[in-house]
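Hi everyone, thanks for making time for this. I'd like to walk you through one chain, and please keep the structure open while I talk.

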Amino acid sequence: MPDDSAQSLTLVLERDLPASLESVWRALTEQTLIEQWLMPNDFEPIVDRSFNLVGDWGTVECKVLRAVPGKLLAYTWAAFGLDIIVECTLSQSKTGTLLKVVQSGFKPDQQQFYDGAQGGWQQFLGKLEQVVVSLK
């Protein structure tokens, strides 16, 4: 079986948020806060728990892979033929919290989705910043 991993596309975004690790973790893991910056959902930060993100264009089926409070959240993201992984890593920064988002597993023929994710995550992270700042 050929190894497709070398050909897959990975999106990496970083944002230094002017908020505490606790505030950013809350925004990544509490349903009402996730809805404010991402989408309506039934998320719970429990490993192996399935959840859905619901947009006006459809539903993303997800499953929690890892949840280390204040440090790491990883989950699958499956919709429209995509079967990818989102990993959010938090670390302390001089001004608050550095959030690194890695979305990996885009296949070479999914360039349109990769390009869309780049723009989409910029919007999501802008909204996330507004949410975490409001939690102060």
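I'll begin with confidence, then go through the long-range packing, the rings, the salt bridges and two backbone oddities.

First, please remember that this is a predicted model. The average pLDDT over the chain is 93, and 95% of the residues score at least 70. The exception I'd flag is residues 1-5, where the pLDDT is below 50 and the model shows zero contacts beyond near neighbours in sequence. Where pLDDT is low, predicted coordinates should not be read in detail. I'll leave that stretch alone from here on.

Now let's go to helix α3, residues 111-134. A quick sanity check on its geometry: with 24 residues at 1.5 Å a residue, α3 should span 34 Å, and its end C-alpha atoms sit 35 Å apart, which agrees. Which residues of α3 are buried? They are Tyr114, Ala117, Gly120, Trp121, Phe124, Leu125, Leu128, Val131 and Val132. And what do those buried residues pack against? The partners are strands β1, β4, β5 and β6, plus helices α1 and α2.

That leads us to the nonpolar core. The largest one has 40 residues, and Trp37, Trp77 and Trp121 have the most contacts inside it. Helix α3 supplies the largest share of this core, with eight residues.

Let's look at one of those tryptophans up close. Leaving out residues up to four places away in sequence, tryptophan 37 touches Ala27, Leu28, Trp121, Phe124, Lys127, Leu128 and Val131. Ring pairs also join Trp37, Trp77, Trp121 and Phe124 into a cluster.

For a view from strand β1, find leucine 13, which lies in that strand, residues 9-17. Is leucine 13 buried or exposed? Its relative accessibility is 10%, so leucine 13 counts as buried. Beyond its neighbours within four places in sequence, leucine 13 contacts Leu99, Lys100, Val101, Trp121, Gln122 and Leu125. One of those pairings makes a nice illustration: leucine 13 and glutamine 122 are 109 residues apart in sequence, yet their C-alpha atoms are 8.3 Å apart in space.

On to the aromatic pairs, of which there are seven. Phenylalanine 43 and phenylalanine 51 make an edge-to-face pair, with 4.8 Å between centres and 90 degrees between the planes. Both rings belong to buried residues: phenylalanine 43 has a relative accessible area of 3%, and phenylalanine 51 is also at 3%.

Another pair is tryptophan 57 with phenylalanine 80; the centres are 5.7 Å apart and the planes are at 45 degrees, so this pair is tilted. Tryptophan 57 is in the loop between β2 and β3, while phenylalanine 80 is in the loop between β4 and β5, so the pair ties together parts that are 23 residues apart in sequence. Here tryptophan 57 is partly exposed at 44%, and phenylalanine 80 is exposed at 54%.

Next, charges. Side chains of opposite charge can pair when their charged atoms come close. How many salt bridges does a search of the whole structure find? The count is three. In one of them, glutamate 129 pairs with arginine 15, with the closest N and O atoms 3.4 Å apart. This one links distant parts of the chain, since glutamate 129 is in α3 and arginine 15 is in β1, 114 residues apart. Glutamate 129 is partly exposed, at 24%.

Arginine 26 bridges to glutamate 30, with the closest N and O atoms at 3.0 Å. Arginine 26 is partly exposed at 29%, and glutamate 30 is partly exposed at 29% as well. Arginine 49 and glutamate 44 meet at 3.4 Å, N to O. Arginine 49 is partly exposed at 22%, and glutamate 44 is partly exposed at 33%.

Last, the backbone. Most residues other than glycine have a negative phi. Aspartate 48, however, has a positive phi near 75 degrees. Aspartate 48 is located in the loop between α2 and β2 and is exposed, with a relative accessible area of 55%. Phenylalanine 80, which we met in the tilted pair, also has a positive phi, about 55 degrees.

That's my tour, and I'm happy to take questions.

How values were computed. Residues numbered from 1 in each chain as written. Predicted model: local features only at pLDDT ≥ 70, side-chain atom pairs only at ≥ 80, totals over all residues. Heavy atoms only, no water. Helix = DSSP H or I, 4+ residues; strand = E, 2+ residues; numbered from the N terminus. Buried < 20%, exposed > 50% of the residue type's maximum accessible area, 1.4 Å probe, protein only. Contact = heavy atoms within 4.5 Å. Salt bridge = Lys/Arg side-chain N within 4 Å of Asp/Glu carboxyl O. pLDDT = per-residue confidence, 0-100. Phe/Tyr/Trp six-rings, centres within 6.5 Å; stacked < 30°, edge-to-face > 60°. Expected span 1.5 Å × (residues − 1). Core = buried A, V, L, I, M, F, W, Y, C linked by side-chain atoms within 4.5 Å.
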